[in-house]
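Biologist: I would like a close look at one part of this protein. Please take me through it step by step.

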Amino acid sequence: MKLLLTALQQVMLGCGYVQKRGKNTHTGNTYATENDLLAAIRPLMLEHGLFLIGPRVDGPERVVGENVYVTFQWDLAHVSGVIYPNPISVVGCGRNSKGFE
């Protein structure tokens, strides 16, 4: 576990500001997309022996009103074979009639 945490610290030290290229058309807010984040951290992760396994969908979609909620999960792993015990979870929400594709 120490190797994984040391590598994670190195990635955090090396990563600067992540550009926000996503835009919520309803509110006008900007946000960092998954691609924005990965573009910033993936080279550093690989340099320090870290990688993500996934994504996978955790559980069924939930529908609340017109919104569809889906939870995606990734596992953070190190080349030493250690997998961080808590998955990284992100909840996506949208009003797409098809849910998430």
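Biologist: Which residues make up the largest nonpolar core? Start there, then work outwards.

Modeller: A caution before the details: this is a predicted model. The largest nonpolar core has eight residues in all. They are Leu4, Ala7, Val11, Ile41, Leu44, Met45, Leu50 and Leu76. Two elements give two or more residues each to this core: helix 1, residues 2–14, and helix 2, residues 34–47.

Now take one core member, Leu76. Set aside its neighbours within four places in sequence. Leu76 is then in contact with Leu4, Met45 and Leu50, among others. Those three are core members too. The contacts of Leu76 also include Leu8, Phe51 and Leu52. Val82, Ile83, Tyr84 and Ile88 complete the list.

Next, the charged pairs. The count comes to two salt bridges.

One joins the side chains of Arg21 and Asp36, at 3.8 Å from N to O. Arg21 sits in the loop between helix 1 and strand 1 (22–23), and Asp36 sits in helix 2, so this pair ties together parts 15 residues apart in sequence. The two ends differ in cover. Arg21 is exposed, at 63% relative accessible area. Asp36 is buried, at 8%.

The other salt bridge pairs Asp75 with Arg56. Their closest N and O atoms are 3.0 Å apart. Here too, distant parts of the chain are linked: Asp75 belongs to strand 5, residues 67–78, and Arg56 to strand 3, residues 50–57. The two residues are 19 apart. Asp75 counts as buried, with 17% relative accessibility. That value falls under the 20% cut-off, so the label holds. Arg56 counts as partly exposed, at 35%.

Now step back to the whole chain. The protein has two helices and six strands. From the N terminus, the order is α-β-β-α-β-β-β-β. Among contacts between residues at least 6 apart in sequence, 46% join residues at least 24 apart.

The overall dimensions come last. The radius of gyration is 16 Å, whereas a compact globule of 101 residues would have one near 13 Å. Along the principal axes, the C-alpha atoms fill a box of roughly 45 × 30 × 15 Å. Of the 101 residues, 24% count as buried. The accessible surface comes to about 7,300 Å². Carbon and sulfur atoms account for 55% of that surface.

Terms used
Residues are numbered from 1 along each chain as its sequence is written. This is a predicted model: local features need pLDDT of at least 70, side-chain atom pairs count only at pLDDT 80 or more; totals for chains, interfaces and linings use all residues. Side-chain values use heavy atoms; hydrogens and water are left out. A nonpolar core is a set of buried Ala, Val, Leu, Ile, Met, Phe, Trp, Tyr and Cys residues joined through side-chain atoms within 4.5 Å. Buried means under 20% relative accessible area, exposed over 50%, partly exposed in between (1.4 Å probe, protein chains only). Helices (H or I, at least four residues) and strands (E, at least two) are DSSP runs, numbered from the N terminus. Contact means heavy atoms within 4.5 Å. A salt bridge is a side-chain nitrogen of Lys or Arg within 4 Å of a carboxyl oxygen of Asp or Glu. The radius of gyration is taken over C-alpha atoms; the globule rule is 2.2 Å times the number of residues to the power 0.38. Accessible areas come from the Shrake-Rupley method with a 1.4 Å probe; for residues, only the protein chains shown count as cover.
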